[in-house]
Amino acid sequence: MGLLRVMMPPKLQLLALLAFAVAMFFLENQIQKLEESRGKLERAIARHEVREIEQRHTQDSLRERDWSASSASDNEDDLVIIYNRVPKTASTSFTNIAYDLCGKNHYHVLHINTTKNNPVMSIQDQVRFVKNVTEWREMKPAFYHGHVSFLEFTRFGVKRKPIYINVIRDPIERLVSYYYFLRFGDDYRPGLRRRKQGDKKTFDECVSAVGSDCAPEKLWLQIPFFCGHYSECWNVGSQWALEQAKYNLVNEYMLVGVTEELEDFVMMLEAALPRFFRGATELYKTGAMSAN
């Protein structure tokens, strides 16, 4: 039994082929539109996510900036500066700048008084001093000054150390100034009677006579102020004391000026610590410091 094949007329075959081609074209066109729509949707989602990320970053940055500003403000209000001033290094002139600026810049100036003006404190006084400096919040920010040797706060368990600054002077120039200070005083307390008042001997005459007030040992005085409270610091000529003083100066002091370049010292302090010394350079240049 043979197979019966039904043959479509050529025209119908052509129409069927054309219809199939149109259907395929339409389908491909729809698929392309869907692909384009999906691409647009993905790009829109991506832009939205980018905006969200940018907004989060902006908000985080603002929060971080606000926190940093608040933290910086809190840190500035918690600052303590200790100026353990060496005698006859223009320390009174510089301290008067701090006094004149404290009202304008809103900080406290406190004078360190030690027993019999001894630059070395007893252990008990050291403990009390560290406790007062770190815990007396009503007096912060604070600028402490006094003729006292360097004190290492970390030895007493203090994590946040005060900022140390100081001024040094050519040892011979400082000794000559101190020699005449003991005899004639200064302009700040002219009525105060000095220990050597009435002694008219010049410094050169003292040297010629090998006097005690101009002895070479007196040139050592600046070393113990940086060395610290160890007894060895006052051993004139001690190599250990000298090295310890140099170490402390480099590692424990924020800034140490030189009397002969005091204006530069003031300018650097104003740049580094504007919370305290804003306006200090102008005050120094105009010579408008208080005479008290």
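## Two disulfides, two cores and a pocket

Number the bonded cysteines of this protein in sequence order and the pairing reads 1-2, 3-4. That comes from a predicted model, in which the count is 2 disulfides. The protein has 292 residues, 34% of them buried, and its secondary structure runs to 10 helices and 5 strands. Among contacts with a separation of 6 or more, 68% link residues 24 or more positions apart.

**Disulfides and cysteines**

- Let's start with Cys206 and Cys214, which are joined by a disulfide with an S to S distance of 2.1 Å. The angle about the S-S bond is -100°, making this link left-handed.
- Cys206 counts as buried because its relative accessibility is 4%, under the 20% cut-off. Its partner Cys214 also falls on the buried side, at 9%.
- Cys206 sits in helix H5, residues 203-208. Leaving out residues up to four places away in sequence, Cys206 touches Tyr179, Lys201, Gly211, Asp213 and its disulfide partner Cys214.
- One of those contacts reaches back along the chain: Tyr179 is 27 residues from Cys206 in sequence, with 9.6 Å between their C-alpha atoms.
- The other disulfide is between Cys227 and Cys233, with the sulfur atoms 2.0 Å apart. This link is left-handed too, with -65° about the S-S bond.
- Are Cys227 and Cys233 buried or exposed? Cys227 is buried, with a relative accessible area of 1%, and Cys233 is buried at 0%.
- Cys102 is another buried cysteine, with a relative accessible area of 18%, so it falls under the 20% limit.

**Nonpolar cores**

- Nonpolar side chains tend to be buried together in soluble globular proteins.
- Here, the largest nonpolar core has 26 residues, and the members touching the most others are Ile82, Phe129, Tyr144, Leu151, Phe153 and Tyr164.
- Which elements each supply at least two residues of this core? They are strands S1 (80-83) and S3 (142-145), together with helices H3 (123-135), H6 (222-227) and H7 (239-252).
- H6 makes the largest contribution, with 4 residues.
- A second, separate core has 24 residues, including Tyr83, Ile97, Val167 and Leu273.
- Tyr144, one of the well-connected members of the largest core, has a long contact list even with its neighbours within four places set aside. On that list are Val80, Ile81, Ile82 and Tyr83, then Leu110 and Ile112, and finally Phe129, Asn132, Val133 and Trp136.

**The second largest pocket**

- How many residues line the second largest pocket? There are 17, and those nearest its centre are Ile112, Asn113, Met121, Asp125 and Phe129.
- The volume of this pocket is about 330 Å³.
- Strand S2 (108-111) and H3 are the elements that give two or more residues to its lining. H3 provides the largest share, at 5 residues.
- Sorted by class, the lining has 8 nonpolar residues, 7 polar and 2 charged.
- Phe129 turns up in two settings: among the residues nearest the pocket centre and among the core members that touch the most others. Ile112, also nearest the pocket centre, is in contact with Tyr144.

**Backbone spots worth a look**

- Lys140 to Pro141 is a cis peptide bond, with omega near -5°. Pro141 is in the loop between H3 and S3.
- Lys88 has a positive phi, near 60°, despite not being a glycine. You'll find Lys88 in the loop between S1 and helix H2 (91-105).
- Val210 is another non-glycine residue with positive phi, at about 55°. Val210 lies in the loop between H5 and H6.
- Why does Val210 count as exposed? Its relative accessibility is 71%, and exposed means over 50%.

Definitions and conventions
Residues are numbered from 1 along each chain as its sequence is written. This is a predicted model: local features need pLDDT of at least 70, side-chain atom pairs count only at pLDDT 80 or more; totals for chains, interfaces and linings use all residues. Side-chain values use heavy atoms; hydrogens and water are left out. A nonpolar core is a set of buried Ala, Val, Leu, Ile, Met, Phe, Trp, Tyr and Cys residues joined through side-chain atoms within 4.5 Å. Buried means under 20% relative accessible area, exposed over 50%, partly exposed in between (1.4 Å probe, protein chains only). Contact means heavy atoms within 4.5 Å. On a 1 Å grid over the protein atoms alone, a cavity is a set of points where a 1.4 Å probe fits but cannot get out, and a pocket is an open set with protein on both sides within 12 Å along at least five of seven lines; lining residues have an atom within 4 Å of a point. Grid points are joined across faces, edges and corners, and a volume is the space filled by probe spheres set on the points. Ala, Val, Leu, Ile, Met, Phe, Trp, Tyr, Cys and Pro count as nonpolar, Asp, Glu, Lys and Arg as charged, and the others, Gly among them, as polar. A disulfide is a pair of cysteine sulfur atoms within 2.5 Å.
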